[in-house]
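Colleague: Please show me the ligand site. I want to ask what the terms rest on.

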Amino acid sequence: MNSNELESLIRTILSEKLEPARRENTTSALFDQVDQAIEAAHTAFLTYQQSPLKVRKTVIAAIRHELIPHLRELAERGAKETGMGNAEDKYLKNRVALEKTPGVEDLITEALTGDEGMVLFEYSPFGVIGSVAPSTNPTETIINNCISMLAAGNTVFFSPHPGAKDVSLWLVEKIESIAFTACGIHNLVTCLREPSFESTQQMMQHPLIALLAITGGPAIVNMGLKSGKKTIGAGAGNPPSLVDETAVLDKAAQDIVSGASFDYNLPCTAEKSLIVVESVASALLAEMQKCGALLVSGAENIDKLRKVAIIDGHANKVLVGKSPLALLKAAGLPTPDREPRLLIMEVSADDQLVTVEQLMPILPVVRVPDYDTGLALALKVEGGLHHTATMHSQNVSRLNQAAQRLQTSIFVKNGPSYAGIGVGAEGFATFTIATPTGEGTTSARTFARHRRCVLANAFSIR
Ligand code: NAD
């Protein structure tokens with residue numbers, strides 16, 4: 001063996017021996033054990049916390065810049081792996097998360113000055129945040145929370161839904177590598193190679209987790225709230241859309257069909273039922289059909305759809321986020337040649353299609369005699385979840401009254417529901433809408449401690 005061959009052999013042996021170790025050690029975003037992943041994120045936090053704000057800004061700018069070329073792939077992979085939603089809308093959701101989630105500029109310092117000195121109110125990081133992401137917006141939530149949480153100076157342990165494992169792991173690893181290249185700190189974001197419900201529960205009890213941000217259904221949000229840790233809970237919703245006789249009907253129809261069909265109704269913010277004043281109901285339904293909605297009529301047909309969509313009082317998981325054609329097929333109903341955007345059907349106010357959050361492109365429609373009855377029903381349907389509602393009306397007093405009575409975190413007037421998360425509308429993007437815990441549409445400052453820093457008897461220079 002000559003010296004070149006010997007060197008090559010040594011390199012091969014070393015790389016075979018070192019590679020698995022390298023994968024297990026702290027130089028990667030992905031770990032086998034919850035402890036390892038959280039400890040690595042905590043070590044990263046200790047350095048990140050001491051770094052100047054410009055480091056955070058550089059990291060966030062790099063994430064925005066480097067992820068852009070991967071958004072289509074992310075959307076396609078997310079739709080394929082979860083079997084829910086569609087790649088086109090997921091692309092828009094991922095894009096808005098990347099471009100419109102506020103960064104460090106969200107942490108606005110306030111100052112008070114007077115004869116007795118000066119007080120600063122500033123936002124400081126918590127530490128390692130345990131962020132639980134849903135299967136319905138897997139990568140959108142990771143991008144959105146990542147930017148918000150890193151902007152506030154935290155590091156993050158992500159618990160993705162096991163049903164969105166591959167695409168989530170790919171994304172966390174990618175973000176970690178972008179962040180490391182930008183600032184030289186490893187493990188600003190971490191995750192497990194095999195995320196599971198058990199590991200999420202273990203994470204919630206870990207002493208180094210300073211804050212929980214839970215985005216998901218009621219069971220997991222309640223689990224977080226019972227953990228004893230500070231929890232930002234972004235829970236389920238059941239957003240009603242209320243239309244009165246003053247609404248501009250063609251515009252309302254367009255907005256409602258667009259909002260309720262967006263990503264096959266997966267967003268927690270999407271219109272889940274339509275409550276319309278009798279005098280304009282038929283005209284509105286006709287306009288909605290012009291916009292691509294398919295009216296399912298006949299009690300028997302509606303019954304078939306209901307039976308497959310809702311099982312034992314809950315959305316049938318197998319059909320969550322499926323296309324309108326897939327839903328028609330599952331119900332054994334005739335399918336049109338062209339895919340409808342949305343399935344609509346007239347039902348009574350207490351129909352399960354109205355009362356259960358189904359997350360499917362099915363929009364039950366309830367006629368009401370007048371606006372007051374409609375608002376009372378909208379309140380009942382929203383169920384005190386403090387999530388989202390939309391309303392179409394030209395009557396400002398009614399819009400004001402409904403917003404005040406419903407007390408939802410998002411209230412969209414004369415627009416599609418997705419306007420409330422920054423898609424095609426003013427306002428920053430968010431995919432973590434903290435409903436039971438009341439922070440509402442979250443951004444960097446939500447994931448920061450609000451601290452008071454006092455200088456006695458100085459620096460009032462007025
Ligand atoms: P889900 O509750 O099934 O899962 C959410 C997350 O919790 C996942 O990461 C999952 O792995 C984890 N999880 C679930 N059960 C668990 C258990 N027993 N132990 C440990 N971890 C567990 O929800 P989903 O189907 O992925 O998402 C849809 C739900 O999330 C809907 O109810 C929707 O309204 C809600 N959601 C809310 C918001 C918001 O911002 N408020 C955003 C998106 C989704």
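Modeller: Here are the terms, one by one.

Modeller: This is a predicted model, where local features need pLDDT of at least 70, side-chain atom pairs count only at pLDDT 80 or more, and totals for chains, interfaces and linings use all residues. Residues are numbered from 1 along each chain as its sequence is written, and side-chain values use heavy atoms, with hydrogens and water left out.

Colleague: What makes Ala133 and the ligand a polar contact?

Modeller: A polar contact is a pair of N or O atoms within 3.5 Å. A backbone N or O atom of Ala133 lies 2.6 Å from a ligand oxygen, so the pair counts.

Colleague: Why does His387 count?

Modeller: A side-chain N or O atom of His387 is 3.2 Å from a ligand nitrogen. The limit is 3.5 Å, so this pair counts too.

Colleague: How much of the ligand does the protein cover?

Modeller: The protein covers 90% of its 830 Å² of accessible area (Shrake-Rupley method, 1.4 Å probe).

Colleague: Which residues of the shell are called charged, and how many are there?

Modeller: Asp, Glu, Lys and Arg count as charged. The shell has two of them, beside 13 nonpolar and 14 polar residues.

Colleague: Which helix gives the most to the shell?

Modeller: α8 does, with three residues. Helices are DSSP runs (H or I, at least four residues), numbered from the N terminus.

How values were computed: Polar contact = N/O pair within 3.5 Å; in protein donor to acceptor, adjacent residues only side chain to side chain. Helix = DSSP H or I, 4+ residues; strand = E, 2+ residues; numbered from the N terminus.
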